[in-house]
Amino acid sequence: MPIKFGTDGWRAVIGEGYTYENLRFCAQGTADYLKENGFSKRGLTVGYDTRFASNDFAAAFAEVMAGNGIVTALTDRATPTPVVSYNLVASGAGGGAVITASHNPACWNGFKYKPDYGGSASPNVVAELETKIAKTQLSGDVCRMPIGLAERKGLVNRFDPRPAYAKHVARLVDLDSIKRSGIRVVVDSMYGAGSGYIAELANGALCDVVEIRNESNPSFPGMSQPEPLAHNLCGLQNEVSQTNADLGLATDGDADRLGIVDEDGRYISTLQTFALLCMHRLEVMGDRGPLVRSITMTSMIDRLGSIYGVPVFVTPVGFKYIGPVVMRENALAAGEESGGYAFRGGIPERDGILSGLMVVEMVAKTGKRISELLDSLTTKVGPHHYNRWDIEFDESQRTSVTKRLDGAFPATLAGMPVETIDKQDGFRFVLRGDFWVMVRFSGTEPIVRIYAEAESPDIVTDLLTEARAMAGI
């Protein structure tokens, strides 16, 4: 079966599609890409997450690089994707590879390729990688050098990725104000690669950071998958409310996404989180610059852009689309509905650790609790409520679902007039007041996602229900 990339990289079930053989095909295709495009002499940076055998899969990837004569820097421990990305940029590497399935369930693993700028691979790069990987699958020709020999020859070098990243973050976040703030923070690493980072950077004499689920556990117990959504964060919510903490932060399996809960343990949606961060940068910090959001991100960003006089750019889902706009426009902030946020001065990629620290900085500098900041946001942009349904489907249904949605032209949804229909990435029905409902297929799992944003939770539920009926799933 051809190896195809989804929204960000290739993912498959371990032991079925995700095998050493297929990963080595990916590695050889990557080596061919690097050599043919002039990147191979700069080397490759390789990291991995806490999933089952990720360290061994990473070593197998490095063996193929060594077999092709490409010097590889291999992290000496499980490492967040944004930390790998920053290190490859800082070292001048020709690219990077991360062995991770991000937020997918425990039985999955994957491979993300990062170009030399540290962001997600663009559609053009993905297409070229897929072509070279397919050619390798067809021929079966893979060059390998055993990891021990590769290390002795200096073709694979293990390194600690933390120091360089810590210095990078210290340039973007006022860690001193955090350490002096008296804030109590609970961090849930969801048994993933982000463990220890926020605590080590933010802990101080007057800032107390407590960690939960910070040990590695590839089965990710107690959650459907290591994704920082409300249904996976009951432990974090309880810990925050029972210990009188000021806020809770959660990072996903490879720590490129962030979820937060307020001082009462209430989950704050990813749309609210990004809007809060943008409002903070614009109002409190006095920064100015374009904002970038995916098509499934909140329309609150458009209203903030209008209030503060900054442009807003809208892209399809995925940082492979967001990242290029961030770089082209020198964007102040960028975000997508999945909980991935990027900021000026950082890499053009999701960074859950940096985002979490910016949330703590926001609380420290304003002296306000998350609930109070949300009240300020609502005063500015009006009430916005959001929800998302993820519905498993049989791949054989894809064509019929697409056909039904493509032929749908409802005059109203949940009693609100439909003003426009956007089909650039799925089917997005824009309603009065810039509220909306959208149906699209996941790029990484056999799931149909239905999203809705409206002025009340009841209307959101009605929109989701009507959209599901319209799709026939």
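Which residues lie nearest the centre of the largest pocket?

## The largest pocket

In this predicted model, the residues nearest the centre of the largest pocket are Tyr-267, Ile-268, Ser-269, Gln-272 and Tyr-386. The lining comprises 30 residues, and the space in this pocket amounts to about 680 Å³.

Several elements each give two or more residues to the lining of the largest pocket: β11, α10, α14 (370–381), β16 (385–392) and α16 (457–471). Of these, β16 provides the largest share, with 6 residues.

## Enclosed cavities

A search of the whole structure for cavities of 30 Å³ or more finds 2. The largest cavity has a volume of about 220 Å³. Its lining is made up of 22 residues, and those closest to its centre are Thr-7, Arg-257, Val-317, Ser-338 and Arg-449.

The principle behind such a search is simple. Rolling a probe the size of a water molecule over the atoms shows where empty space is left.

## A four-stranded open sheet

One open sheet contains 4 strands in the order β13-β12-β14-β15, and its pairing is mixed. Strands β13 (312–315) and β15 (340–343) stand at the edges; each has a single partner strand, so one side of each is left without a neighbour in the sheet. On average, and with direction ignored, neighbouring strands of this sheet are turned by 15° against each other.

Within the sheet, β12 (residues 291–294) pairs with β14 (residues 333–336) in the parallel sense, over 3 bridges. Across this pairing, Leu-291 stands opposite Ala-333 in β14. Helix α10 (residues 270–284), which also contributes to the lining of the largest pocket, lies across β12, β14 and β15. The helix runs at about 15° to β15.

## Helix α9 and its buried face

Helix α9 spans residues 234–242, and its buried residues are Leu-236, Gln-237 and Val-240. Seen down the axis of α9, these buried residues fall within an arc of 100°, so they line one face of the helix.

The buried residues of α9 pack against five strands: β7 (184–188), β8 (208–212), β9 (247–251), β10 (258–261) and β11 (267–268). Of these strands, β11 is also among the elements that give two or more residues to the lining of the largest pocket. After α9 comes Asn-244, which has a positive phi, near 55°.

Technical notes
Residues numbered from 1 in each chain as written. Predicted model: local features only at pLDDT ≥ 70, side-chain atom pairs only at ≥ 80, totals over all residues. Heavy atoms only, no water. Pairing = 2+ DSSP bridges. Axes fitted to C-alpha atoms, helices over the stretch in contact; angles between N-to-C directions. Contact = heavy atoms within 4.5 Å. Buried < 20%, exposed > 50% of the residue type's maximum accessible area, 1.4 Å probe, protein only. Arc of directions from axis to C-beta. 1 Å grid on protein atoms, 1.4 Å probe; cavity = no way out; pocket = protein on both sides within 12 Å on 5 of 7 lines; lining within 4 Å. Points joined across faces, edges and corners; volume = space filled by probe spheres on them.
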